[in-house]
Every structure is written in structure tokens, then in C-alpha cells.
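Work through the exercises below with the sequence and the model open. Each task is followed by a solution in steps.

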Amino acid sequence: MLFKHFFKKRYMKRVAAKMKSCGKDYYFGRFHSLKGTQYMTLGNKVVFDDFIVFTAWDNLNGKRFTPSIVLDNDVHISDYCHISIVNGLHIGTGSGFGRWVTVIDNSHGNVCYEDMQKSILDREIVSKGPIIIGRNVWIGDKATVLGNVTIGDGAIIAANSVVTKDVPPYCVAAGAPARVIKDLRPNQQPQ
């Protein structure tokens, strides 16, 4: 048991050393894929559970990008999440993801006839913009967050939702595409 603990701490220190910056008291489970660590800045007490795909891409299909990933303090990413960034991602303090959450700011091509004529691998990688997730946000199991979206502080994204537009602070959003179903701010009605 002592050897297992020793090797786990050593593994986590090696991962942290690859990051652009990494705070203290972090926990890294076994990553399924970890790429672009030089573009990742992590705060204190960041937790990654097991089998997570966590990637920042600076070159895809010959196109160059300058990704930036910032996770503030006390962020928790649960098992099997998939994070793929070519533009930017910022997750605020105290936010967390359920299992199988997908956060991706890029896609293979634009949604147009010309791009649909090409093989997936021949389509240009495009990003609509960065993803900003505020403080104390909860994103439920199997939800998907797409590019050029801001999720406000204290928001809740229901399980299986697909976030394609901004979600105001302190609101509950659900559905595919997600829409506000409850506004938790005093004297507010759903939008």
C-alpha cells in the first residue's frame, strides 16, 4: 500500500510539472488522454478523477492555434469527462462536472453544404470562441458545453443538456439545446 501511494504521488508530481502552472493540493487520476499541458494553468485543490480526456490543441490538421485553459481553485472534474480546446476555457472557483461531461470549443468544419461534401478528416478545424464557466457552477452528468458560451456564476446545467448559448448567473438550464427553466435570483422569471 505504501508503494502504491508513493507511485501515485510521483505520477501526480510529474503531471503537475508539465503544466504551465499548477497550484497545491491537486489530485490527478489516470488520464485517458492528456495533451497540451503547456497551455494549462491550474489553481489550488483541482481534482481530476479517472479516464478523462483533457486536451489543448495548438495544431490540428495543419492549422495552428493558441489555446488557453485556466482552472481556478477547487475545481472538480469527474470520471470520463472530455475537454478539448483550441481557443480558450476558463472554469471559475468551486465549479464541478458530473461524469461524462463534454466541453469542446471546436468542430470539424462549418455547418454548410461545402464542408459536408468533405471527409471529416479533411474539414478545417473551427472554433466559434472560448468557453467561460463561472464560479460555483454545477454541470450534470453527460451534459455538453460548446464553444463561444458563458455560463454565469452559480448556474446549474441539468444532466444530458447541450449548452449552445450563454446561461445567466444563478439559473438552472436544461434540454437540448439548453434553455433556462428556473431563475434562482430573487424576483426573476425564466427567460
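The model is predicted.

**Exercise 1. Overall dimensions**

Task: Determine whether the radius of gyration of the protein chain agrees with that of a compact globule.

Solution. Step 1: for 191 residues, a compact globule would have a radius of gyration near 16 Å. Step 2: the protein chain has 17 Å, which agrees. Step 3: along the principal axes, the C-alpha atoms fill a box of roughly 55 × 50 × 25 Å. Step 4: the exposed area is about 10600 Å², and 54% of it comes from carbon and sulfur atoms. Of the 191 residues, 43% count as buried.

**Exercise 2. The open sheet**

Task: Give the strand order of the 8-stranded open sheet and name its edge strands.

Solution. Step 1: the protein chain has 2 helices and 24 strands. Step 2: 8 strands form the open sheet, in the order β2-β5-β10-β13-β18-β21-β23-β24, with mixed pairing. Step 3: β2 and β24 each pair on one side only, and they are the edge strands. Step 4: one pair within this order is β13 (residues 96-97) with β18 (residues 138-139), parallel over 2 bridges. In that pair Phe97 stands opposite Ile139.

**Exercise 3. Strand β23 and its partners**

Task: Describe the pairing of β23 with β21 and with β24, and the directions in which the β23 residues point.

Solution. Step 1: β21 (residues 156-157) pairs with β23 in the parallel sense over 2 bridges, and Ile157 has Ala173 as its bridge partner. Step 2: β24 (residues 179-183) pairs with β23 in the antiparallel sense over 4 bridges; here Ala174 is matched with Arg179. Step 3: the hairpin of β23 and β24 has 4 residues between the strands, and Gly175 in this hairpin takes a positive phi near 105°. Step 4: Cys171 and Ala173 point one way from β23, Val172 and Ala174 point the other way, and all are buried.

**Exercise 4. Tyr27, Phe48 and the core**

Task: Is Tyr27 buried, partly exposed or exposed? Then trace its contact with Phe48 to the largest nonpolar core.

Solution. Step 1: Tyr27 is found in β2 (residues 27-28). Step 2: its relative accessibility is 35%, so Tyr27 counts as partly exposed. Step 3: beyond four places in sequence, Tyr27 is in contact with Lys8, Met12, Val46, Val47 and Phe48. Step 4: the contacts of Phe48 include Tyr27, Phe28, Leu42, Phe54, Leu71 and Ile77. Step 5: the largest nonpolar core has 41 residues, and Phe48, Phe97, Ile139 and Ile151 have the most contacts inside it.

**Exercise 5. Two buried polar residues**

Task: Locate Asp79 and Thr144 and list their contacts beyond four places in sequence.

Solution. Step 1: Asp79 lies in the loop between β10 (76-77) and β11 (82-85). Step 2: Asp79 has a relative accessible area of 12%, and because this is under 20% the residue is buried. Step 3: Asp79 is in contact with Asp49, Asp50, Arg99 and Trp100, leaving aside neighbours within four places. Step 4: a polar atom of the Asp79 side chain is 2.8 Å from the backbone nitrogen of Asp50. Step 5: Thr144 is in β19 (residues 144-146). Step 6: Thr144 has 19% relative accessibility and therefore counts as buried. Step 7: with residues up to four places away not counted, Thr144 touches Thr102, Ser161, Val162 and Val163.

Notes
Residues are numbered from 1 along each chain as its sequence is written. This is a predicted model: local features need pLDDT of at least 70, side-chain atom pairs count only at pLDDT 80 or more; totals for chains, interfaces and linings use all residues. Side-chain values use heavy atoms; hydrogens and water are left out. Buried means under 20% relative accessible area, exposed over 50%, partly exposed in between (1.4 Å probe, protein chains only). A polar contact is a pair of N or O atoms within 3.5 Å; within protein, one must be able to donate a hydrogen and the other to accept it, and residues adjacent in sequence count only if both atoms are side-chain atoms. Contact means heavy atoms within 4.5 Å. Two strands pair if DSSP finds at least two bridges between them. A nonpolar core is a set of buried Ala, Val, Leu, Ile, Met, Phe, Trp, Tyr and Cys residues joined through side-chain atoms within 4.5 Å. The radius of gyration is taken over C-alpha atoms; the globule rule is 2.2 Å times the number of residues to the power 0.38. Accessible areas come from the Shrake-Rupley method with a 1.4 Å probe; for residues, only the protein chains shown count as cover.
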